[in-house]
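Please open the model in a viewer and keep the sequence panel at hand. The tour begins at an open site and then proceeds to the enclosed space, the overall fold and three individual residues.

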Amino acid sequence: MAFISTEQRQSANLNWQHDEQQSDMVLTSFIGTRILSLKQNANGAELEYDGDVYTDRDASMLLYRLTGFSIPLDNAAKWLKGTVENDQASYDEQGRLKSLIWQAHNGQKWQITYSDYIKQDGYWLPVKLSLKNQKIRIKIQLNDWQLN
């Protein structure tokens, strides 16, 4: 995962686990040092960062407040897996999501582009995507999908 803005460039490894009740996201450096851990469920979000634990109802705002990075975490399972359907989506000839405009619940609009997929367990899953808004571009390369 790479965060690119006019002020800075950062990269991290992302481990994301999601089920119907909870999402867990862990960002680590390339040498394996934990940068942050974010848990999100229907009751809100809990972020462990720099040795302290913080909570908020909104995971995206909590992450932004503490790190300065903005990521549209609401319904991340849909845009990360490429299963979003909206009026501003385009698809390739195989029916896979190619691009869309995603509006996060905080009103921020994101252009999401899917550039590569793999077929795993009968599903087409994105392996390269990018998110872009007015201030930041986020590039994500997914190396391993595990479906349960």
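Begin with the largest pocket: select Trp16, Lys81, Trp145, Gln146 and Leu147, which lie nearest its centre among the 36 residues of its lining. A pocket here is an open set of points on a 1 Å grid over the protein atoms alone, with protein on both sides within 12 Å along at least five of seven lines, and lining residues have an atom within 4 Å of a point. The model is predicted: local features need pLDDT of at least 70 and side-chain atom pairs count only at pLDDT 80 or more, while totals for chains, interfaces and linings use all residues. Residues are numbered from 1 along each chain as its sequence is written, and side-chain values use heavy atoms, with hydrogens and water left out.

The volume of the largest pocket is about 1300 Å³, a volume being the space filled by probe spheres set on grid points that are joined across faces, edges and corners. Next, colour the elements that each supply at least two residues of this lining: E3, strand E4 (22-28), H2, strand E11 (123-132) and strand E12 (136-141). E3 gives the most, with 6 residues. Helices (H or I, at least four residues) and strands (E, at least two) are DSSP runs, numbered from the N terminus. By class, the pocket lining has 17 nonpolar, 12 polar and 7 charged residues; Ala, Val, Leu, Ile, Met, Phe, Trp, Tyr, Cys and Pro count as nonpolar, Asp, Glu, Lys and Arg as charged, and the others, Gly among them, as polar.

Now turn to the enclosed space. There is 1 cavity of 30 Å³ or more, a cavity being a set of grid points where a 1.4 Å probe fits but cannot get out. The largest cavity holds about 70 Å³ of space. Select Met1, Leu14, Trp16, Met25, Ile71, Leu73, Ala76, Trp79, Leu80 and Ile140 to display its lining. Strand E3 (13-18) and helix H2 (76-81) are the elements that give two or more residues to this lining, and the largest share, 3 residues, comes from H2. Which classes of residue make up the lining of the largest cavity? It has 10 nonpolar, no polar and no charged residues.

Zoom out to the whole protein, which has 2 helices and 12 strands. From the N terminus on, the elements run β-β-β-β-β-β-β-α-α-β-β-β-β-β. Along the principal axes, the C-alpha atoms fill a box of roughly 45 × 35 × 30 Å. Buried residues (under 20% relative accessible area, 1.4 Å probe, protein chains only) make up 39% of the 148 residues.

Select Lys98 in strand E9 (residues 97-103). Lys98 counts as partly exposed (between the 20% limit for buried and the 50% limit for exposed) because its relative accessibility is 44%. Leaving aside residues up to four places away in sequence, Lys98 touches Ser90, Tyr91, Asp92, Ile112, Thr113 and Tyr114, where contact means heavy atoms within 4.5 Å.

Finish at two loops. Asp50, between strand E6 (44-49) and strand E7 (52-56), has a positive phi near 55° in a residue other than glycine. Asp50 counts as exposed (over 50%), at 66% relative accessibility. Asp121, in the loop between strand E10 (109-120) and E11, has a positive phi of about 50° although it is not a glycine. Asp121 is exposed, with a relative accessible area of 57%.
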